[in-house]
Amino acid sequence: MCGRFELHSAFEIIARLFGLSGNIGMVPTGFNIAPGRDIAIIVKVGGKNELAVCRWGFVPSWGKDLKEGYKMINARAETVAEKPSFQQAFSRHRCLVVADGFYEWKNDGGKKRPFYIHRRDGKPFGMAGLYNRWTSPEGTQVCTGTIITTEANDLVRPLHDRMPAITPPDTFDLWLDSSVHEKEKLLPVLTPYPDDEIELYEVSARVNSPKNDSAENIQRING
């Protein structure tokens, strides 16, 4: 799964990577982004990539409460095209969730040790995601989103058998194109990221609490 990640890059860096234009007032950044928090997503509107803000935790159109989103912070690549909660969003409302890295925990004799995973070149990346503009019973509209996970690559597998589906830049246009509906074209995007393009290392147990949100969270420990 992907239950915690971080984003600290400046908007100019994000804009360059995802081909954005113009300005945005606020990019929701943080060194310990947890479910229920606002996240930065990339969507395609009128043929142009735009940055939008969503709440992490997907709520389908028939959902009654935002709290339901805590059950759907992730969608599995193997079932996302058929699962009723995600089927329509997979067909028409795909996005990229912007991140600089994510966290995973290793169970070591009952003790959970946190690790930070990021691109070797230090650049941010896009995790394949889905979004839905959910309307509450009171008529309030909220953008909610989920991160798609796939099988872990060889580097991440000792920590967990799942990892976010990190999307290669040459597939951004395909993934964001809402006119593409065929799962045969889209599912191949959701594959494990190459081992040699990411690295991981152990970080402080401070990250275990979402209340701790500082650059200290991504500092290497134990060498």
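**Entry 1: cysteines**

I looked first at the cysteines of this predicted model, and I found that C54 and C143 form a disulfide, with their sulfur atoms 1.7 Å apart. The bond joins distant parts of the chain, since C54 lies in strand β4 (residues 48–56) and C143 in strand β10 (residues 141–151), with the two positions 89 residues apart in the numbering. I checked the burial of the pair and noted that both C54 and C143 are buried. I then searched the whole structure for disulfides, and the search gave 1.

Which cysteine sulfur is nearest to that of C2? I found that it belongs to C95, 13 Å away, and that C2 is in no disulfide. C2 is also buried, at a relative accessible area of 0%.

Why does C95 not bond to C54? The closest cysteine sulfur to that of C95 is indeed the one in C54, but it is 6.5 Å away, which is too far for a bond because a disulfide needs the two sulfur atoms within 2.5 Å. I also recorded that C95 counts as buried, with 1% relative accessibility.

**Entry 2: the open sheet**

I turned next to the strands and traced an open sheet of 5 strands, in the order β2-β1-β7-β8-β13, with antiparallel pairing. I noted its edges as β2 (30–33) and β13 (198–202), each of which pairs on one side only. Direction ignored, neighbouring strands of this sheet are turned by 30 degrees against each other on average.

Within the sheet I followed strand β1 (residues 5–7) to β7, and I found the two running antiparallel and joined by 2 bridges. On this side E6 stands opposite G101 in β7.

How many bridges pair β7 with β8? I read 8 bridges, in the antiparallel sense, between strand β7 (residues 101–108) and strand β8 (residues 111–119). Among the facing positions, N107 stands opposite K112 in β8, and Y103 has Y116 in β8 as its bridge partner. The hairpin of β7 and β8 has 2 residues between the strands, and there I noted that G109 takes a positive phi near 60 degrees.

**Entry 3: nonpolar cores**

I then looked up the nonpolar cores, and the largest has 60 residues, with F5, I41, L130, I148, W175 and L190 making the most contacts inside it. I took I148 as one of these and listed its contacts, leaving aside neighbours within four places in sequence: the list includes A75, A77, V80 and A128, as well as L130, M163, W175 and L190. R76, G129, P164 and A165 are also among the residues in contact with I148.

I found a second, separate core of 8 residues, which includes Y103, W105, Y116 and Y201. Y103 and Y116 had already come up in my notes on the sheet, where Y116 in β8 is the bridge partner of Y103.

**Entry 4: S204**

Is S204 buried or exposed? I found S204 in the segment after β13, and at a relative accessible area of 17% it is buried, because the cut-off for that class is under 20%. Not counting residues up to four places away in sequence, S204 touches P114, Q219 and I221.

Methods:
Residues numbered from 1 in each chain as written. Predicted model: local features only at pLDDT ≥ 70, side-chain atom pairs only at ≥ 80, totals over all residues. Heavy atoms only, no water. Helix = DSSP H or I, 4+ residues; strand = E, 2+ residues; numbered from the N terminus. Buried < 20%, exposed > 50% of the residue type's maximum accessible area, 1.4 Å probe, protein only. Pairing = 2+ DSSP bridges. Axes fitted to C-alpha atoms, helices over the stretch in contact; angles between N-to-C directions. Core = buried A, V, L, I, M, F, W, Y, C linked by side-chain atoms within 4.5 Å. Contact = heavy atoms within 4.5 Å.
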